[in-house]
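Thanks for making time. I have one structure to show today, and I will put it up now.

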Amino acid sequence: MVFDLNKCLGCQTCTISCKRQWTREEGMEHQWWAVVNTMPGKGTPKDWEGMGGGWKADGEPNPSRIPLRDETGDAWQFNKDEVFYGGEGIQTYLKPTNPDGSKPGWGPNWDEDEGGGEYPNSHFFYMPRICNHCTHPACLEACPRGAIYKRDEDGIVLINDKQCKGFRFCMEACPYKRIYYNHVRDITQKCIFCFPRVEKGVAPACARQCPGRLRFVGYLDDENGPIHKLVHKWKVALPLHEEYGTQPNVYYVPPLSPPSIDANGNADPSKPRIPLEYLEGLFGPRVNEVLELIKAEKEKKARGEASELMDTLIVYKWPEDIFPDFTVDPAEL
Ligand code: SF4
Ligand code: SF4
């Protein structure tokens, strides 16, 4: 999958479509296989980027730990009876509580829209995150039960819930912290890349429902597909934290940003609002080169010249331009 971060609205339609489809059973209440974090931000779970996991440069496992329930966020409950039927009108409002009655201290998208920088140079962008279905998955190698496997046919990484015994070594090993523990079934669970849909030619729910049309789905080795072109031909889609060593198969087109405003209130186009160093920390040293290429192609398009890259990113025809191999309408199955 490729996410074009220039198009994400932060609407969370992807988050909710995944939640409604896959994580509605008992013990899954706190699970959000698809999330959209505001960057810069602490993310889901809180401060996951500092938790370790994955592989060191020498190929040895990088030490890590299992995220705490408080850092991921609990299964909140709301005072719906009071708000909707209590007759208190505007004297009350929806308030979340954890199942034990305590006040939540963190949750998915907790720091939504906070971002970074100081006014007038405040900035943020939205970054959707799912399991990266890595080529060298730390989760898979950490599992002593052999319960995690990567499918040969499409690279989807799955957990066999009959073999999983809830040891949670996978949660510790995954550097992206995209695995959840089901305390009712004593197993771990994560994004399954909607494999039952994919097998029928239907795009994953997060991608098909996305109104921003920024989630490209396809095979990396299909030279005519948008994924191959964005990752290998134009090289504008970059993996998140490649240094974690798991070889993720989710890629991001980095976000352009507005110019900084100087002390006199004038725009300075030589200084992007989102600091380049910050983006390099996420997507590696090629970020500047990629942003320059996107800017140049955007300008070409604005001058009325042809740009295959811009046409690909714009997605004129839905769904065939964005997931050409997954155009079946689920309503027709
Ligand atoms: S993102 Fe984490 S859970 Fe997903 S395949 Fe990679 S290591 Fe495993
Ligand atoms: S549905 Fe699309 S636009 Fe909305 S938050 Fe998700 S990825 Fe972004």
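I will go through two helices, the two ligands, and then a part of the surface. Keep in mind that this is a predicted model.

Let me start with helix 8, which covers residues 226–233. Is helix 8 enclosed or open? Six of its eight residues are buried, so helix 8 is largely enclosed by the rest of the structure. The buried ones are Pro 226, Ile 227, His 228, Lys 229, Leu 230 and Val 231. Note that a histidine and a lysine are on that list, His 228 and Lys 229.

What do these buried residues pack against? There are strand 1, residues 2–4, and strand 10, residues 215–216. There are also strand 12, at 251–253, and helix 11, at 308–314. After helix 8 comes Lys 235, with a positive phi near 55°.

Helix 1 is next, residues 13–22. Its buried residues are Cys 14, Thr 15, Ser 17, Cys 18 and Lys 19. They pack against strand 2, which is 35–39, against helix 7, which is 205–209, and against strand 10. Strand 10 is therefore a name you have heard before: the buried residues of helix 8 pack against it, and so do those of helix 1.

Now the ligands. Ligand 2 has 14 residues around it, and those that come nearest are Cys 8, Cys 11, Gln 12, Cys 14 and Cys 210. Cys 14 is also one of the buried residues of helix 1. By class, the shell of ligand 2 has nine nonpolar residues, four polar and one charged.

Which residues surround ligand 1? From the lower numbers, they are Cys 131, Asn 132, His 133, Cys 134, Pro 137, Ala 138 and Cys 139. Further along the chain, Cys 174, Tyr 176, Ile 179 and Lys 190 complete the list. This shell divides into eight nonpolar residues, two polar and one charged.

Last, the surface. Phe 78, Phe 84, Tyr 85 and Leu 94 form a nonpolar patch there, and together they have about 480 Å² of accessible area. Leu 94 sits in the loop between helix 3, residues 80–85, and strand 4, residues 96–97. Is Leu 94 buried or exposed? Neither: Leu 94 is partly exposed, because its relative accessible area is 39%, and partly exposed means between 20% and 50%.

Asp 81 lies in helix 3. Asp 81 counts as exposed, with 59% relative accessibility. Its C-alpha atom is separated by 22 Å from that of Ile 16, and the two are 65 residues apart along the chain.

Notes:
Residues numbered from 1 in each chain as written. Chains lettered and ligands numbered in written order. Predicted model: local features only at pLDDT ≥ 70, side-chain atom pairs only at ≥ 80, totals over all residues. Heavy atoms only, no water. Buried < 20%, exposed > 50% of the residue type's maximum accessible area, 1.4 Å probe, protein only. Helix = DSSP H or I, 4+ residues; strand = E, 2+ residues; numbered from the N terminus. Contact = heavy atoms within 4.5 Å. Near = heavy atom within 4 Å. Nonpolar A, V, L, I, M, F, W, Y, C, P; charged D, E, K, R; others polar. Patch = residues over 30% accessible without salt bridge, like charges linked within 9 Å, V, L, I, M, F, W, Y side chains within 5 Å. Areas by Shrake-Rupley, 256 points an atom, 1.4 Å probe, with all protein chains shown as cover. Salt bridge = Lys/Arg side-chain N within 4 Å of Asp/Glu carboxyl O.
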